Every structure is written in C-alpha cells, then in structure tokens.
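Me: I have not looked at this structure before. Please take me through some questions about it.

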Amino acid sequence: MNAIHLDNMTLGYDRHPAVHHLSGHFARGSLTAIVGPNGAGKSTLLKGIAGALKPLEGSLRLQERARLAYLPQSADIDQSFPISVYDLVAMGLWSRRGLFGRIGSSHRIAAAIEAVGLGGFEARVIGTLSGGQMQRALFARLLLQDADIMLLDEPFTAIDSKTTSDLLALVQRWHDEQRTVIAVLHDLETVRLHFPDTLLIAREAVSWGATGDVLTPSNLLKARRMIEAFDNGASPCSRAA
Amino acid sequence: MTLSRRALLCASVLLVLPTPLLAQEKLAVVASFSILGDFVREVGGDRVSLTTLVGPDGDAHVYSPTPADAKAMAAARLVITNGLKFEGWMDRLVKSSASSAPVAEATRGIAVLKAPGGHGHEHGKKDKHGHDHSGQADPHAWQSVRNAKLYVTNIRDALIAADAAGKASYEANATAYLAKLDALDGEVKASVARIPAASRKLITSHDAFGHFARDYGIAFLAPRGISTESEASAKDVARLIKQAREQKVGAVFLENITNPRLIEQIAKESGARVGGRLYSDALSGPSGPAGTYIQMIQHNIRAIEKALVPGPA
Amino acid sequence: MGMNLYQLFLAPYVEFDFMRRALVGITALALSGAPVGVFLMLRRMSLTGDAMAHAILPGAALGYLAAGFSLPAMTLGGLAAGVIVATLAGLVARLSVLKEDASLAAFYLISLALGVAIISMKGSAVDLFHVLFGNVLALDDQVLLLLAAVTTATLVIMSVIYRPLVMECVDPGFLKSVSGMGSTVHLAFLGLAVLNLVAGFSALGTLLAVGMMMLPAATARLWTADITWLILLAIFFGMVAGYGGLTLSYHLDAGIPSGPAIILAAGGAYIASLFLGRQGGWVWRLLPGRHLRG
C-alpha cells in the first residue's frame, strides 16, 4: 500500500552509480525531504522515480495507477516562447483533456493562479516573469495536474523568502490532501520545520525516517565524507543489498 | 647464307610491322558539339577518330568541360568549333588543356546574321560567359542548310590541312555529303511552300532559328527570358502570349533542352497547338528522331509543317 | 504611367490564366507555409528549414533521373530524401557525440552535393537550374492539386498537434513527463516541414521555397508576440508578398523573374517591419514616449 517502493535500486550514468543499493519505501500521503551533500544523487533519485531514468539494477514500484507530477530542478523552459502565464498554467490540465478537450474549466485555472499569488498575471508573457514568479506559475501548473505523487527538485533555490513561504504553504496543503510529496532540499532548517520525514543520502542511503532521527550530527558527518566523483578505475560492485 | 637470309627476314618483318600501325593511326579530332561531330564523321569517315565534347541533348551554351574533355583536347590533332561565340568555354579549355592542336571555326566566311536587339537572353546565372544574343551574331548558323554546306567545306579543308594524305578521301566524302545537303535544302523549301503564307509563324522557347527563319521564310517568335534560362518574368510570358494571340500563331514548340510545362501553359493560353519538339542546339541520341544532322532538319521541318498546315490536329 | 488602379492591380489576373494559377499556387503556399514557418522560427530552427530544403535535392534529382520533370516522381523522391535526412540527423544526434545541428549540417551538405552530381549525370546545368528554381508561372493542374492537398493536410495536422507542439517547444521535459507523444509530435512537425518544402519546390524551386516559410514568419514576429496573431500575420504577409511579387514581375520592364520577385517582396516587407514593426521596430525605439504609471 506504499506509494513508492524501492528494491536494491541503483541509478546512474554509463555504469557509474549516482546512487546505489537503495531500498525502502515512501508511504502514501507522506511528506519527505531528500537531503545530502552535492553530487549525492538526489536529483538522480527523483528522476528515477519520475521515470525519466531507468535503474541500472534493482527495481522501483509505484502504487497502482498513480498520477505523477514532476518539477525538475531548472525547468528547461524556453522563456522566449510567446505564451501567456495562463496558457503555461493551463498545460497542467492537458494530460486529462487530451488533444482536443476544451480546457473549459477556466475558473479552475484562474483559481490556481490566484492560489500561488499570481493574480493579475494571467495575460503576461512568460518571458517577462522574474525567477520567483516563474516558479509560482510552475507550482500553479502542478496544482492543476492533481497528481497523487508530487516530486519537487530543489523548488526553492534562488527564490525570495516570501515566495518560499507561500509555496511551502501550498506543499502543506497537498500533504493535507493526502498526496505523497517528495522534495529535494538544501536548507536543513526548512526541512526541520516543515518536513516530517527525511531521506539522507550520500550516493547510498545514510538514514531514512523521521526527520528528527535522521538529521543528527553523526549522520550528517557520515554523509559529508562521501566521495563525490565517479571513480574511473572502479571495478564492478560486489556488494549485495 | 643463313645469316643474311635471317637478317633479311628480320629486316622485312621490322619494316612491315609499323605499317599496319601507321595505316591504322587515325586523325584524332575533337568536335565541340554533336552537330559538328556529325559533319566531321561524314567528311572524315574512317580516317578520323572523333571525340565530341557536348553530346546529344546537351546544351553547349552552359556546358562545363570535364577533365576527360581536357585529356581529349591534349591528345587531339585538330579541334573543330562552331565559332560566333557559341562555345564561351572553349578558349579556357584550350588553355587549360595546353592543347597544341589547331582550332578551326566551322563558320568561317559565313554570312553573319545579327540577332535583333531585345531578343537577348542569359544562360544561367553562374555562367560568366552569359550568352546574350542581343545585337550580336546568331551562332546557330547550321539551322540553314545553305550554311551547313559551308560548314562542310570548312571542315573538309581543315581535315586536309591536318592530314594531307587523306585529301582524296575527304574530298570525295564531302562532295557526296554536299549533294545530300542540296537535296535536303530542296526538301525544306518544298515543305515550306506547302504551308499557307499566313500561317508561317510559330513560337519556340529558344532563340536558335534565326538562320532558318531568314533562309526559308518562317517567322519564329522567341521571347526574351524564356529559354535555357531558369526563370521567366511574368512580363515576358504575358507579352509573348499577347503577341501569339494577336498574330494568331499556329503552333508552340518545345525544345529538347527546356522545361516543358511553361511552354504548354503558353500554348494553352494563346490558343496555339503544342507542336512537339524541335531540335535546335544538339542532336538526339542515335535512337532518337534526330540522330544525324539530316535527320534533325527533316524532323524539324516535318513537325513544323504538320503543326502549321491547317487540318485535323 | 497613365494606368488606372484596375490595370495595375487586377488586369493581369483577369487577362491571363498563368497569372491566376500562379496567384492560387502562391496563396496556397503562404497559407500552409506560414504556421510551419512560425513554429520553425519559435523553435529556433529557421536554418534547419533551409538545410532541409537542400536535403531534398537528391531525392528530387533521382525522381528527375527516373522520369524527367514528372511531378509524382520528383515529389516522392524529395519527400523520401527529406524524411531520410531528418531521421538520420536525429539518430546521429542521439547515438553519437554530435548535436543535432552539426549532424544535420553534415547530412544536408552531403545531400546537396549528391543531388547536384545526380542531375549533372543525366542533364546539364540547365536542368539543375530548373530543379533549383522551379517555375511559378507554369503551375499546371497537377501541381496546383498537389499544393492544395499539402495545404489542407498541413492545416489539419497542425490543428491536431497544436497543443503538444506548443508544449514541446516551451517545456519538452514537462511534455515527456505527462505523455509519450513528444517524439511523435516532433516527427510529425518535421514531416510537415518537409512536405511543404517539397510542394513549394515545384513552384519556387528548392532555394526559394523555404523563403515563403521563413520570411513571413520573421516579419510577423516584428509585429506581435502572440502565437495566434503570429500565424495570422505570417499568412497575411505571405499572401501579400506573393501577390505583390507577381504583379511587380508583370509590370516592371526590367523583367524580374517571378519567383525571386516574390521572395524579394517578402524581404521588402521584412525590412520595412524592422523599422516600423510594433515589436521593437527601430523607428519606435527612437521615439519611446513617457513610461506608463504602472
């Protein structure tokens, strides 16, 4: 009944593991932060869960018919493309409406835009948005996707604190709605304050569970000692789970 | 005794050996395009080993010589060109192939026909030697059989100059061929006579029939810009259609070197018939209707007569 | 001049069938080329369009070699070549260290040389020019039918893939995460581009067909940033250029060939828009006016 189940999963590029031998689960409706030093494999893990990367070894199972929404680290968005905020947000409905369905529910779109604090920006071309405004728009799109599992990769990096707190409120709302939310974060304070569960990884799981239990000084020290670079002369990994 | 007989045998063998080689050595001649090539073959016969540069259905106006051509030029003992600036690329080819062969112009001594101004056209944007007829001599002199006879005598003389030993052969061949040309000339005149005087006008896409027009009395309308050039302006096409309508031109002819669709469109709009193909600057392949010069002229005049004589299409 | 408006603007088309046909053909090209051109431009693939136009050449050349100036042969040949080059370029980009622009450049250059060589084998430089430049004044029923079919197909397919196409342009990652249609849409769009180039090629030749796609789109961009308006304006500019170029080629004594005249007209509109366009036109930049209150 778990939202996501990982079984000795290894993800990487060109046979070098970015994160390996990961086993565990994300319970339904949980709100988990993924933390770790740079290069620990956090983004890679999220990509693997989102289905953008196939595991090198091991497996990954999602709950049945789960709708996934994935917000990548720096969305590869072409901001020079001439569409409005409204159109960008409306994309969130696309997967349910298909090619031709009328995106009729304009009030839902408007509501989403309001919810992220971008009321009045509907007609603006996305090229004119600031970093914070763009992130809000992307959150509005996520809202409309109405997904069961939400994956956020460093959603608050390089954003002002007002936007951050507004969006965190949204994340809390999703948690209240029983959606499973997983977010990669850097700021441990934010994690301690807002995220009940944490997974600390450093190319492999260091600790996974309640935030208070995971983010201890000894765990953090262990994680910091992980080796960042891929070992070009590495031999095949012989370890079992 | 044995020694001297053997020596005699050797000597005679040695003397005899080169003779067949000598006897088989033909005069290497290069002709610039297919029509000239045909003439050279008729006059030269077996004594000549001929290379033609621009082959059947080729366009000598925009021809780009290949390395094989340069090789042939270097090996040649005689080069025959048309002259009258027909082959803009020939001078460069002679220089680059370092050929020491004499270059004979087949049109030497011809009564030059100045193409009327405004009938010029450019051939291809890349060809620096843009072939503009306006105000210059019309080089398609072979279209008149009378001129063709002059071509033949010029070629005969050039061959004799290059290969004096063959004089008798060349003269005999030329005379025989000239007689055939005379008959051809008569044929064309008779054909034209059968066309009612008022109908003796047609449209082609190439300004190549000036000599034919002058010597046989048929008016050829060829517009500027609609020839071997790639692009026509609407103005030229419109002008031509108007003219064809006003003068009630009977037939429009395609050519073996241009895009047929435009000509068909012009024919449709001016009410003229599409007369078929005329061969202007090149012979057809040997299996085609215009494999030799005589066949070419015959084909052309028969097509013209058929199109212009009123009657069932 | 002494010519009244009727003589200037309508008479050529009333009087001559070939002018009417040319106008119909060019209008069809403008109609279907515009949306394709707009998207090519927005996706920063303007030069890709040009490259594809050259890539088509050997296919059309083979068709020509097999059947002379036969429309079906050259069209099918061109289509095949375009699809092959687009696919190969994509494959090479995916399977090697080269990015798509380099691999496309490599293939289209090979393609172009191949095409020139093939045509030179059978025909002369003249035939090459006919294939390269086409002839907009000789659009027979066959060609017009082809143009009409391509226009219809383009408009239908574009309206179907419009949404995912926009998504694929703006946020391909998002499209990938919500649907697998990404590559299908990408290929369908490329296919449409090739189709339009092949169709345009019998009227304008390979070199100029891409002009009818890209110039109106670039011109429209100087007037608006809204997608719908971009497409509408591009169609408008394309048609105006077609009509203008044809009429100019008809009236001017200098005798400008019609194909280039049309592209020059489109180019003229573009240059004028650089100065006068509402979106950053240079004239407007010189007189900015006071900024607004909020």
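Me: How many residues of chain C are in contact with chain A?
Reply: This is a predicted model. On the side of chain A, 20 residues take part in the contact. On the side of chain C, the number is 21.

Me: Which element gives the largest share of the side of chain C that touches chain A?
Reply: The elements that give two or more residues to this side are α2, α8, α9 and α11 of chain C. Eight residues, the largest share, come from α8(C).

Me: What part of the area buried between chain C and chain A comes from carbon and sulfur atoms?
Reply: About 1900 Å² is buried between the two chains. By class, the side of chain C that touches chain A has 16 nonpolar, two polar and three charged residues. Carbon and sulfur atoms give 67% of the buried area.

Me: Which residue of chain A meets R44(C) in a salt bridge?
Reply: Between chain C and chain A the count is two salt bridges. In one of them, with 3.6 Å from N to O, the side chain of R44(C) meets that of D78(A).

Me: Which strands stand at the edges of the sheet in chain A, β2-β1-β4?
Reply: The sheet is open and its three strands pair antiparallel, in the order β2-β1-β4. A strand at the edge has a single partner, so one side of it is left without a neighbour in the sheet. In chain A this applies to β2 (16-26) and β4 (57-62).

Me: Which residue stands opposite I4(A)?
Reply: Strand β1 (residues 4-13) of chain A is joined to β4(A) by five bridges, and the two run antiparallel. Opposite I4(A), in β4(A), stands L62(A).

Notes. Residues are numbered from 1 along each chain as its sequence is written. Chains are lettered from A and ligands numbered from 1 in the order in which they are written. This is a predicted model: local features need pLDDT of at least 70, side-chain atom pairs count only at pLDDT 80 or more; totals for chains, interfaces and linings use all residues. Side-chain values use heavy atoms; hydrogens and water are left out. Two strands pair if DSSP finds at least two bridges between them. Helices (H or I, at least four residues) and strands (E, at least two) are DSSP runs, numbered from the N terminus. Contact means heavy atoms within 4.5 Å. Buried area is the accessible area (1.4 Å probe) that two parts lose on being put together, summed over both. A salt bridge is a side-chain nitrogen of Lys or Arg within 4 Å of a carboxyl oxygen of Asp or Glu. Ala, Val, Leu, Ile, Met, Phe, Trp, Tyr, Cys and Pro count as nonpolar, Asp, Glu, Lys and Arg as charged, and the others, Gly among them, as polar.
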